[in-house]
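Thanks for coming. I will take one protein model and go through it part by part. Please have the sequence and the structure in view.

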Amino acid sequence: MTGAESQQGNTQAEQGTRPPSAAPRRSTATCLDRIRSRMSPAQKVGQLFVAGVRVRPGSEGTTAQSLDALGNHHVGSVILMGPNGAGVSAIKAVTERVGLLAQTVGDNRIAPLISTDQEGGQVQPLRGPGFTDIPSALDQGSWSERRLRRQAAAWAAELHGAGINLDLAPVADVVSSDMGRANGPIGRYDRQFGYTAEAVSGHSAAFIQGFQQAGVLTTLKHFPGLGSVRGNTDTTPQVTDTVVGRDSRDLTVFREGIASGARFVMVSLATYTRIDPAHQAVFSPVVIEGALRKDLGFDGVVISDDLGNAAAVQSMPPTQRALAFLRAGGDLVLTVNADHIPAMTSAVLNAERDQPALRAHVEASVRRILAAKRAAGLIHCAH
């Protein structure tokens, strides 16, 4: 751990991970269950999706059209796709439009999760006036944890000011020093905090704690780790890891990040032969329900890596990608290609009608997502 246990405990209580008493927990559960019971099947399914929205300069018209299409399918979350160097004010104008995706259920309003990949270094889609040029994670890893926590709080405040409430970071992958930049998805771009599980654990926790201070949710990725592969699942099919197992030390990074308050964990598109050689992690109940839920005790939102444009999933039709992820235990389907949303949402709606197990899972996933939104202040319960 990072030595900030008292601060960590306070932020967890503030985010709803460990409520200070039974009464607030019962009150929150009653509120969320009441909202969920009043949602239509289409509204519930829409909450299970996060769709890509382009925010490149000059794309305002396209953005408005894509948001209208997402609203028709009750999509509950988006990811802003850059690059965009126009600054905080311009992004705030976009997020205000995205806010129109909010759903009203009875007297309760459910605002959308608005996310981005603001890691730093080569992975920082939002720049310009009001946004700091964030160093790479490898550079961040050379700082003290205290300094990183303070800096992360400042970066999160910038995102919060732009209307963003979820960052798809930090990267919790451990790249060995022997692998280095031969590791295509992480090491090549200096996205790792360091070369040991200990270094990555401490700095991931500091990043999460800093973001908590500013009220922005975080996402540990890419479970169970992309630090030992060579191919990048975004551009390469059939990426395989032969190193990581359920007892691997690299998984302690995710355990520590969960304990520090991360409400989201992103599952990778690689196949892990020591865990489940028959399925990619994102489609594996052994990975999601076994290694993540059972072994690590994670009860938050499990989000997929990109199931839209990534090369690793192109051999499977988009509808099957969404269904396979949910059936494996996942909660939130991410597709940077919003054109897949109509087919994906329709497939889930049709399948759950005569599949009680899938229908029950949808209910559980919606409950987790609503709880995360409540922690981010996106649901205001009417009592």
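P224 sits in the loop between β7 and β8 (240-241). The bond that joins F223 to P224 is a cis peptide bond, with omega at about 0°. Before I go further, note that this is a predicted model.

There is another bond of this kind to look at. G82 and P83 are joined by a cis peptide bond as well, and here omega is about 5°. P83 belongs to the loop between β2 and α5 (88-98).

While we are on loops, there are two backbone angles to check. H74 has a phi near 60°, which is a positive value in a residue other than glycine. You will find H74 in the loop between α4 (60-72) and β2. D190 also has a positive phi without being glycine, and its value is near 55°. D190 is placed in the loop between β6 and α8 (197-213).

Is H74 buried, exposed or partly exposed? Its relative accessibility is 27%, so H74 counts as partly exposed. The line for buried is under 20%. D190 has a relative accessible area of 13%, and therefore D190 is buried.

Now the whole protein. It has 13 helices and 14 strands. Along the principal axes, the C-alpha atoms fill a box of roughly 55 × 50 × 45 Å. Why would one call that compact? A compact globule of 383 residues would have a radius of gyration near 21 Å, and this protein has 19 Å, so the value agrees with a compact globule. Of the 383 residues, 58% are buried. As for contacts, take those between residues at least 6 apart in sequence: 77% of them join residues at least 24 apart.

Next, the strands, starting with β5. Strand β5 covers residues 113-116; L113 and S115 point one way, I114 and T116 point the other way, and all are buried. Which strands does β5 pair with? One of them is β2, residues 77-81, which pairs with β5 in the parallel sense over three bridges. In that pairing V78 stands opposite I114 of β5. Another is β6, residues 166-167, which runs parallel to β5 and is joined to it by two bridges. There, T116 stands opposite D167 in β6. So that you can place this on the screen, I114 faces V78 in β2, and T116 faces D167 in β6.

A separate item is an open sheet of three strands, in the order β3-β4-β14, with antiparallel pairing. Its edge strands are β3 (103-105) and β14 (379-380), each of which pairs on one side only. Strand β4 takes in residues 108-110, and three bridges hold the antiparallel pairing between β3 and β4. One point on that pairing is V105, which stands opposite N108 in β4.

Last, empty space. Rolling a probe the size of a water molecule over the atoms shows where empty space is left.

The largest pocket has a volume of about 810 Å³. It is lined by 30 residues, and the closest to its centre are M81, D117, V123, R191 and D234. The elements that give two or more residues to this lining are β2 and β7 (217-223). The largest share is three residues, and it comes from β2. How does the lining of the largest pocket divide into nonpolar, polar and charged residues? There are 14 nonpolar, seven polar and nine charged.

How many cavities of 30 Å³ or more are there? The count comes to one. About 50 Å³ of space lies in the largest cavity. Its lining is made of E119, A137, Q140, A169, P170, V171, R191, F193 and F207. Those residues divide into six nonpolar, one polar and two charged. R191 turns up in the lining of the cavity, and R191 is also among the residues closest to the centre of the largest pocket.

To recap the parts worth finding again: the cis bond between G82 and P83, the cis bond between F223 and P224, the strand β5 with its buried residues, and the pocket of about 810 Å³. That is the end of my part.

Terms used. Residues are numbered from 1 along each chain as its sequence is written. This is a predicted model: local features need pLDDT of at least 70, side-chain atom pairs count only at pLDDT 80 or more; totals for chains, interfaces and linings use all residues. Side-chain values use heavy atoms; hydrogens and water are left out. Two strands pair if DSSP finds at least two bridges between them. Helices (H or I, at least four residues) and strands (E, at least two) are DSSP runs, numbered from the N terminus. On a 1 Å grid over the protein atoms alone, a cavity is a set of points where a 1.4 Å probe fits but cannot get out, and a pocket is an open set with protein on both sides within 12 Å along at least five of seven lines; lining residues have an atom within 4 Å of a point. Grid points are joined across faces, edges and corners, and a volume is the space filled by probe spheres set on the points. Ala, Val, Leu, Ile, Met, Phe, Trp, Tyr, Cys and Pro count as nonpolar, Asp, Glu, Lys and Arg as charged, and the others, Gly among them, as polar. The radius of gyration is taken over C-alpha atoms; the globule rule is 2.2 Å times the number of residues to the power 0.38. Buried means under 20% relative accessible area, exposed over 50%, partly exposed in between (1.4 Å probe, protein chains only). Contact means heavy atoms within 4.5 Å.
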